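Reader: I should be grateful for a close look at a single part of this protein, namely the aromatic residues and the nonpolar core to which they lead. Please set that part in the context of the whole chain.

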Amino acid sequence: MADANSNGDAHAVSAHPQAKPGYGKRSAPDQHRRTAEDFAHLPPREASIAAFIDRLPEGAAMDAKTLAAHLPSYGQAACLTALRRLSAAGHLRRVRERIKGDGGSTHWVTRTYFSRTARDDAWWADLQAGDVPKPPVQPQSPSQPAAKPPRSQAYEALALAGRMDPRMTLSAKDCAALEPLAEEWLARGSTPADVARELTAGLPPEVHHATALARRRLRDKLPPERPTQPPGRTLRILECTVCRLPGRPEALPGGLCRDCRGEPAPYVPEAVPATEIHRRAAAIRVNLRTPTRTRA
């Protein structure tokens, strides 16, 4: 497995561009905690690209062209193949979603849901339907230490600010203390990347107290509350990871359409030409009008 924590990859993550608003990476819900063995079951190239994607912030561009531009070890074709294999392995799906704009009009966006925890087709179908079941809670052995809860997106947003600009590096204690303020940003529609950008934009040459500055910006620049919307599920349609062909979950096993899976098209009998149909129908009508002769 390629070293997913190399300095080159870390720089690529911090410089990675965001997709258009509403598009790009979305982290799948209910994932396991990040470990060094998350992608050990994948080939080295796919494992390296998966580890890179896993560290990208919400809303990051995830198309093969953008990945290739920020992963110099792999070309665009290699990245596209890796995305196809990650989809088949249950780590990602492309989903077309209908969302409401600021003026109340609706439009469609394409989001790429990524899960470091591999999921089967049934789980992704539930996500598409807007009904993702919670994973069962595993009993904890008394002899085992209690597992640490996964870090929230608010915590990740605060930690991301320090990676984007070292002047805003926060300690783990600082991130935990500021987490409620960052959570309010996320509740009002901001992404973790939005929070990190606000914390790092227009900094003075020297920042003497990053925690105090982050707290003041989180409070003073808090966006307005989103207007209340009537309850309802988001309309989602799965797309083929490679060619973007929309389809029902059962038609896209592994997130891939039949052609992208390399399966032959089903046999369809050749249609009878319309002229032949008319000729046969005319012959039947003639036979029906012709009286049957009986022997004397």
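Author: The account below begins with the whole chain, turns to the aromatic residues and the core, and ends with a second core and the helices around it.

The model is predicted. The protein has 296 residues, 36% of which count as buried. Its secondary structure comprises eleven helices and five strands. Of the contacts between residues at least 6 apart in sequence, 67% join residues at least 24 apart. The protein exposes about 18100 Å², and carbon and sulfur atoms supply 54% of that area.

The aromatic residues come next. A pair of aromatic rings is described by the distance of the centres and the angle of the planes. The count of such pairs in this model is two. In one of them, the ring centres of F39 and F114 are 6.2 Å apart and the planes stand at 50°, so this pair is tilted. F39 belongs to the loop between β1 (24–27) and α2, whereas F114 belongs to strand β3 (residues 106–114), so the pair ties together parts that lie 75 residues apart in sequence. F39 and F114 are both buried. The other pair is formed by W123 and W124, whose ring centres are 5.1 Å apart with planes at 90°; this pair is therefore edge-to-face. Both W123 and W124 are buried.

W123 also has a charged partner: the charged end of R119 sits over the ring of W123, 4.4 Å from its centre. A similar arrangement involves K20, whose charged end sits over the ring of Y23 at 4.9 Å from the ring centre.

F39 leads to the core itself. In soluble globular proteins, nonpolar side chains tend to be buried together. The largest nonpolar core here has 23 residues, and those that touch the most other members are F39, I49, I53 and C79. Two or more residues come from each of α2 (44–55), α3 (64–70) and α4 (76–88). The greatest contribution is that of α2, which gives six residues. Leaving aside residues up to four places away in sequence, C79 touches I49, A64, L67, A68 and Y74.

A second, separate core has 21 residues, including Y155, C175, A182 and L213. L213 is one of the buried residues of helix α9 (residues 210–220), together with A210, T211, A214, R217 and L218. These buried residues cover an arc of only 165° around the axis, which puts them on the same side of α9. An α-helix has 3.6 residues a turn, so residues three or four places apart point the same way. On the other side of α9, R219 and D220 are exposed. The buried residues of α9 pack against α6 (153–164), α7 (172–187) and α8 (192–200).

Within α6, G162 deserves a separate note. G162 has a relative accessibility of 14% and therefore counts as buried, the limit being under 20%. Leaving aside residues up to four places away in sequence, G162 touches M168 and T169. The C-alpha atoms of G162 and A210 are 9.4 Å apart in space, while the two residues are 48 apart in sequence.

In summary, F39 links the two topics of the request: F39 pairs with F114 in a tilted arrangement, and F39 is among the residues that touch the most other members of the largest nonpolar core.

How values were computed
Residues numbered from 1 in each chain as written. Predicted model: local features only at pLDDT ≥ 70, side-chain atom pairs only at ≥ 80, totals over all residues. Heavy atoms only, no water. Helix = DSSP H or I, 4+ residues; strand = E, 2+ residues; numbered from the N terminus. Buried < 20%, exposed > 50% of the residue type's maximum accessible area, 1.4 Å probe, protein only. Contact = heavy atoms within 4.5 Å. Areas by Shrake-Rupley, 256 points an atom, 1.4 Å probe, with all protein chains shown as cover. Arc of directions from axis to C-beta. Core = buried A, V, L, I, M, F, W, Y, C linked by side-chain atoms within 4.5 Å. Phe/Tyr/Trp six-rings, centres within 6.5 Å; stacked < 30°, edge-to-face > 60°. Lys NZ or Arg CZ within 6 Å of the ring centre and 35° of its normal.
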